[in-house]
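Thanks, everyone, for making the time. I would like to walk slowly through one structure with you, so please have it open as we go.

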Amino acid sequence: MSQILNKIKKHYIGAQAEYLIRERENQGHYGPQWAKNKTLHNYTDSLILSCLTEQERQTFRQKAWQCKEFDTYVALDPVNRAQRLLEVINTNECPDNILEPLICDSWCYSEHDLDSRQIFAKIFAEFKNCTHFLKTKRRLPQLFTVYRAGSEDGICWTIDKSIAIRLQNRPPLFRLPKPEFLQREVSRDDVICYMYNTEEKDIIILPQSDKKGESHAE
């Protein structure tokens, strides 16, 4: 069972959390893919946490904060993850070896409404020279092609053309027009961070007008 579910059992003794965990186990949600996934933030964890009431999440969040389990604190709110991440950053207490990869995880598992995208733009601009981001960029060639389904001023690209095509052709939300398929040649120096261990292989590139953390689209 994952680290975060063990923490729920340890910190939250309410019967409902135990019941939800047991139900997920009985339904076979913890298969081979689950067993080999050692990261804290993953989809099944989010399912468990989203089933908790707001009061239960708040209780667990307070416990995580008291224990300085900042990654758990951020993971508890899929919709508000960007704001929780900002709260952690502002404490200046989270160690770099936790905070820097946490920024990447938080981006990948956040709901990217306009407010969260603006927060992440500022965070990526502020941390562009952090050790973790620089390490991820070393996996990239000096010059390469990136792809995107969306607008030119977005910050999220991918090195996998098929992913951009799939995102372009996914069912539209709220009758929005089909996004534009984009590709461009970039330098490694243009990149803020490369999320090589995610399915969509996100490449974070701030638009020229956004280098100082101004607003943008995802």
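Let us begin with N92, the residue that follows helix α7, because its phi is positive, near 60 degrees. Please keep in mind throughout that this is a predicted model.

Stepping back into α7 itself, which runs over residues 81–91, we can ask which of its residues are buried. They are R81, A82, R84, L85, V88 and I89, and since these residues cover an arc of only 160 degrees around the axis, they lie on the same side of α7.

Now let us move to helix α8, which takes in residues 96–108, 13 residues in all. From its first C-alpha to its last, α8 reaches 19 Å, which is close to the 18 Å expected at 1.5 Å a residue, although the helix does bend by about 25 degrees at L102. L102 is also one of the buried residues of α8, and the others in that list are L99, E100, I103, C104, S106 and W107.

Finally, a word on confidence. The protein averages a pLDDT of 76, and 69% of the residues score at least 70. Where is confidence lowest, and where is it highest? The lowest is in helix α3, residues 32–36, at a mean of 35, whereas the highest is in strand β1, residues 143–149, at 96. Over residues 28–43 the pLDDT is below 50, and yet in the model this stretch has 27 contacts beyond near neighbours in sequence. Residues 212–217 also have a pLDDT below 50, and that stretch has 21 contacts beyond near neighbours in sequence.

Methods. Residues numbered from 1 in each chain as written. Predicted model: local features only at pLDDT ≥ 70, side-chain atom pairs only at ≥ 80, totals over all residues. Heavy atoms only, no water. Helix = DSSP H or I, 4+ residues; strand = E, 2+ residues; numbered from the N terminus. Expected span 1.5 Å × (residues − 1). Bend = angle between axes of the 7 residues up to and from the residue. Buried < 20%, exposed > 50% of the residue type's maximum accessible area, 1.4 Å probe, protein only. pLDDT = per-residue confidence, 0-100. Contact = heavy atoms within 4.5 Å. Arc of directions from axis to C-beta.
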